[in-house]
Amino acid sequence: MTEHAGAGVVAVAGEALMDFVPGGGPGVFRAAPGGSPANVAVGLARQEMPTRLLARIADDLLGHRLRAHLDGNGVDLSFAVRAAEPTSLAIVAVGRDGVVEYDFRVEGTADWQWRDHELDGALDGEVVALHAGSLALTMAPGADVLQRLLAEARRELTISYDPNCRPLLMGSPDAVRGRIEALVGLADVVKASADDLAWLLPGRAPEQVAEAWLAKGPALVAITLGPAGLLAATRQAGVLRRPGRAVEVVDTVGAGDACMAALLAGLHRRDLLGAGRRAALRSMDAATLTELADEAVLAAAITCTRPGADPPTAADLRDAAARPG
């Protein structure tokens, strides 16, 4: 693997909210920083990638905690808006198998109120990629603003997208399918989960969806399969499956985001980010795709062993990769 000599920044756009996760006994919740895009930004920064978060973060007590968490992890908040609206909340329930359910308090909150001018200059400098997804790309009125940003940025940057479907807030699959498929068409890299597909495109096998999405334009499609691992597909390498890692699951909060961060970090290290590297990304061979997928599986597995969204550092990944499993 060739280490990337450049210092290109990966920008991430979307929500930074507070997860209320179970902790400390029955009926007790712990406030933990979350939001899929914010989790991806932290995951990238912990893997020593220069990372910038484009978010609207509330100027309230929870927003101050979010800023401290992101800043403490080395995420650049120079272009994060200090929003007047309150922090969004996600309330998390964890089942016996560690799988989570979400409830939300998001009416009129900070994350969704984007105005175009708030993103002026947000991609200036040595930015090589822009990742976005989840609720920020489906919640009005800000979703259209971020979609325009992606469409414009595509000329210069690698675009990465994770639909991260949340049925409670997205309405019916029919209501969002067109928007999600348009975003897939804008992206170079798409990551989704088997649960996303079961809701959005019921009855279709992950292999079928990966091939259909590749035909819309992306160079790389990855679909997480829970304990079964990861499906990854490119035109050159075809569709491959990589096994999961057996771990003691605490919860699955942030596992998909850790996977996404590892995919982007792996592409960055291999000098495959930036519009000028689009042809190289498209021609990735099966051996490289296998390595990339295994790194993403490992990052997700480590996250599952920890409560809340707590992605691994570069050192965590090196240590775990050296152990059999």
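In this predicted model, the number of disulfides is 0. A disulfide is a covalent bond between the sulfur atoms of two cysteines. Two cysteines illustrate its absence here, and both have Cys259 as the closest partner by sulfur position. For Cys165, the sulfur of Cys259 is the closest cysteine sulfur, and the separation of 15 Å is too far for a bond. Cys304 likewise has its closest cysteine sulfur in Cys259, at 10 Å, which is also too far for a bond. A pair would have to bring its sulfur atoms within 2.5 Å to count as a disulfide. The table sets out the values for these two residues.

| Cysteine | Closest cysteine sulfur | Relative accessibility and class |
|---|---|---|
| Cys165 | Cys259, 15 Å | 5%, buried |
| Cys304 | Cys259, 10 Å | 11%, buried |

**Strand S11 and its partners**

Strand S11 covers residues 189–193, and 5 of its 5 residues are buried, so the strand is largely enclosed by the rest of the structure. Val189, Lys191 and Ser193 point one way from S11, while Val190 and Ala192 point the other way; burial applies to both sets. The lysine in this strand, Lys191, is thus among the buried residues.

S11 pairs with two strands, S10 and S12. Strand S10, residues 158–162, runs parallel to S11 and is joined to it over 2 bridges. Tyr161 is the residue that stands opposite Val190 of S11. With strand S12, residues 220–224, the pairing is again parallel and comprises 5 bridges. On that side, Ala192 has Ile223 of S12 as its bridge partner.

**The four-stranded sheet and the aromatic pair**

Another element of the model is an open sheet of 4 strands, arranged in the order S3-S2-S7-S8 with mixed pairing. Its edges are formed by strand S3 (29–34) and strand S8 (100–105), each of which pairs on one side only. Neighbouring strands of this sheet are turned against each other by 30° on average, direction ignored.

Strand S7 (residues 89–94) runs antiparallel to S8, and 6 bridges join the two. Within this pairing, Val94 has Val100 of S8 as its bridge partner.

The count of aromatic pairs in the structure is 1. Tyr102 and Phe104 form this pair, with 6.0 Å from centre to centre and 15° between the planes, and the arrangement is stacked. Tyr102 and Phe104 are both buried.

**Backbone exceptions**

Most residues other than glycine have a negative phi, and most peptide bonds are trans. Three sites in the loops depart from this pattern.

The peptide bond from Ala140 to Pro141 is cis, its omega being near 0°. Pro141 belongs to the loop that connects strand S9 (127–133) with helix H3 (142–153).

Glu48, which is not a glycine, has a positive phi of about 70°. This residue is in the loop between helix H1 (36–46) and strand S4 (51–54). A relative accessible area of 57% places Glu48 in the exposed class.

Asp271 also has a positive phi, near 55°, in a residue other than glycine. Asp271 is found in the loop between helix H8 (255–269) and helix H9 (278–282). With a relative accessible area of 28%, Asp271 is partly exposed.

Notes
Residues numbered from 1 in each chain as written. Predicted model: local features only at pLDDT ≥ 70, side-chain atom pairs only at ≥ 80, totals over all residues. Heavy atoms only, no water. Phe/Tyr/Trp six-rings, centres within 6.5 Å; stacked < 30°, edge-to-face > 60°. Buried < 20%, exposed > 50% of the residue type's maximum accessible area, 1.4 Å probe, protein only. Pairing = 2+ DSSP bridges. Axes fitted to C-alpha atoms, helices over the stretch in contact; angles between N-to-C directions.
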